[in-house]
Amino acid sequence: MEIEVTEPGEHAATSSARHRVGRRAFLGAGAGGAALSLLPFLSGRAAASATTDESTTTAATTPPQRPTADDVALPGVVQQVEVTATALYGEAIAIGGWSDEQAVVVTFIRDAHRAYAQSLSGMLGRSAPNNMSQELFDGLRSDFVGDVAGVLAAAQAFESSAVATHGDVIAKLQGTDGAALLASIQIAEARFCTALADLAGDTDPVTLLVDEEAESLVGRG
Amino acid sequence: MNNELPNDTTVASLDRRGLLRIGGLTAVSAVVVAACGKTEAGTVGRVGEGGQTPVLADAIVNDGVLLRTMAGIETSIAAAYGHILDGGFLSKASATLPDLGDQSELIAIFQAHHVVAAETFNALAVEAGAEPWLCGNTRLDDAYITPIFERIEQGIPATDTTLKIEPSDDPTRDYVNLVHTLESMAASSCQALVPVVTSAAIRFTSMQIGVRSARQAALIALRIFPGGYVAGVGESVVAETDATTTTAAEGAAPAATAIPLPFALPARFGLLSPTTFIGGAGDENGVRLKFNFETPSLNSLAYPFYSCP
């Protein structure tokens, strides 16, 4: 049960006079309290400043994850190479004359290049060119529409160029996301060289393992 | 019967002064009781100074540690190939893979690559301010490669609860599969290094080595399984995939674990997933030795406080 006191008692006046807190005292207590309550915060700020210095030191040696402003151009070139590859393999498949086994492998490689172009597009966002290099396509198209043996040889050389291109770009990229994506593409395209050489009937380890890599396509178109 | 309490019962009033008195008496009593208690307790203190508690070194992962680790892995692979070549296992015919042929020359080429790769990683490690790692990766050797060698060549002796496991029924098949596994793992490890090192130059060199290992993996896959280019495409490929599965006759011992055939192009992107090795003779239940080879992680890194055994 609550008892509500509506009227002050007889000692109320004395008591209130004894315990009255003046405005000055109240303000003083408030300022003191505020200072006390800010103490941990201020000390925290000091500690945070020290941490910031430390993390700056770390940041100087830790590479960025996302592509930097300088990183956008080179993966853009790689994406154009991948779109061009998709178009070239599309031309090659269209000429026909492939055995079932060859058709499966070449179609797999064409689709893989399309997947690479799409994944690079996803990473670059609106900066992605999303179109092929017309100059590169025109320069290589005739090799991809000849006889099957010729197309396999041209495809093998192209894959080796693509591997060199990825290596070239990985050596320049700062962001680790882009480098990791290109590395996973490069490893797969390296295998394409060996598979295509084997598919063409090559048995020499020097050719199958591509002892001499082709030149990078960076700067070509 | 009247249960009413008399209204005039005098209840002893407990005023503030009385309460203080009781509190004071309680405190004094507690002090007196405590003073009368036993004052000697505990064991006799030790005389002298004990040894310092050992402090473990910080396991910092940096470029040097990662590069030393890669050097160790490449050295382990080269040493494993040396063991396989010295034993002449690859020049013997394989009952499971009759068309395999002698792969010794090819594996010698692979071995040379891994020797050079180890030197390259060590050179980079020194540039990064670390000591070179001149032996195999101890974790890879002790937990994976050596047990595989023992299982293939010697089998496992019987114990109180298990029967003896015979040496491998086809060492040539197992070793050529091991080569494929190690090449795949080497390629994956180089790829996995890319996002964790700080320098673009290290990434480039690591991938040059990884590219070669990936090609070696693809080539040995095609030697093991000619025409096995792409996983899961085409009926003929699926049918041949089961080539190494042995079906047990009725009443006979259980069929041994199937050994999957490798593919030259296992996926569209470079894989970082574990590469599975299955080999050796089956145990009493037909279960062969199975290991998942993974890219190096915290328990297999060559930290600065480790040295070659």
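Contact here means heavy atoms within 4.5 Å. The structure is a predicted model, in which local features need pLDDT of at least 70, side-chain atom pairs count only at pLDDT 80 or more, and totals for chains, interfaces and linings use all residues. Residues are numbered from 1 along each chain as its sequence is written, chains are lettered from A in the order in which they are written, and side-chain values use heavy atoms, with hydrogens and water left out.

A good place to start is A:Phe144, which touches A:Leu88, A:Tyr89, A:Glu91, A:Ala92, A:Ile95, A:Val151, A:Ala154, A:Ala155 and A:Phe158, when residues up to four places away in sequence are not counted. Both A:Phe144 and A:Phe158 are among the residues with the most contacts inside the largest nonpolar core, together with A:Leu182, A:Phe192 and B:Leu265. This core has 53 residues; a nonpolar core is a set of buried Ala, Val, Leu, Ile, Met, Phe, Trp, Tyr and Cys residues joined through side-chain atoms within 4.5 Å, where buried means under 20% relative accessible area (1.4 Å probe, protein chains only). Two or more residues each come from H3 (73-95), H4, H5 (134-144), H6 and H7 (176-199) of chain A and from H6 (200-224) of chain B, helices being DSSP runs of H or I with at least four residues, numbered from the N terminus. H7(A) gives the largest share, 11 residues. Another core, of 38 residues, lies apart and includes B:Tyr81, B:Leu100, B:Leu289 and B:Phe291.

Within chain A, helices H4 (residues 100-124) and H6 (residues 148-170) pack at an angle of about 35 degrees, their axes 13 Å apart; axes are lines fitted to C-alpha atoms over the stretch in contact, and angles run from 0 to 180 degrees between N-to-C directions. From H4(A), the contact draws on A:Gln102, A:Val106, A:Ile109 and A:His113, and from H6(A) on A:Val148, A:Leu152, A:Phe158 and A:Glu159.

Turning to the interface, 37 residues of chain B are in contact with 44 residues of chain A. The area buried between the chains (accessible area, 1.4 Å probe, lost on being put together and summed over both) is about 3,300 Å², of which carbon and sulfur atoms give 70%. B:Arg215, B:Tyr229 and B:Arg268 supply 25% of the area that chain B buries against chain A, more than any other three residues. B:Arg212, placed in helix H6 of chain B, is buried, with a relative accessible area of 17%. Beyond its neighbours within four places in sequence, B:Arg212 is in contact with A:Leu209, A:Asp211, B:Ile109 and B:His113.

Conventions:
Buried means under 20% relative accessible area, exposed over 50%, partly exposed in between (1.4 Å probe, protein chains only). Buried area is the accessible area (1.4 Å probe) that two parts lose on being put together, summed over both.
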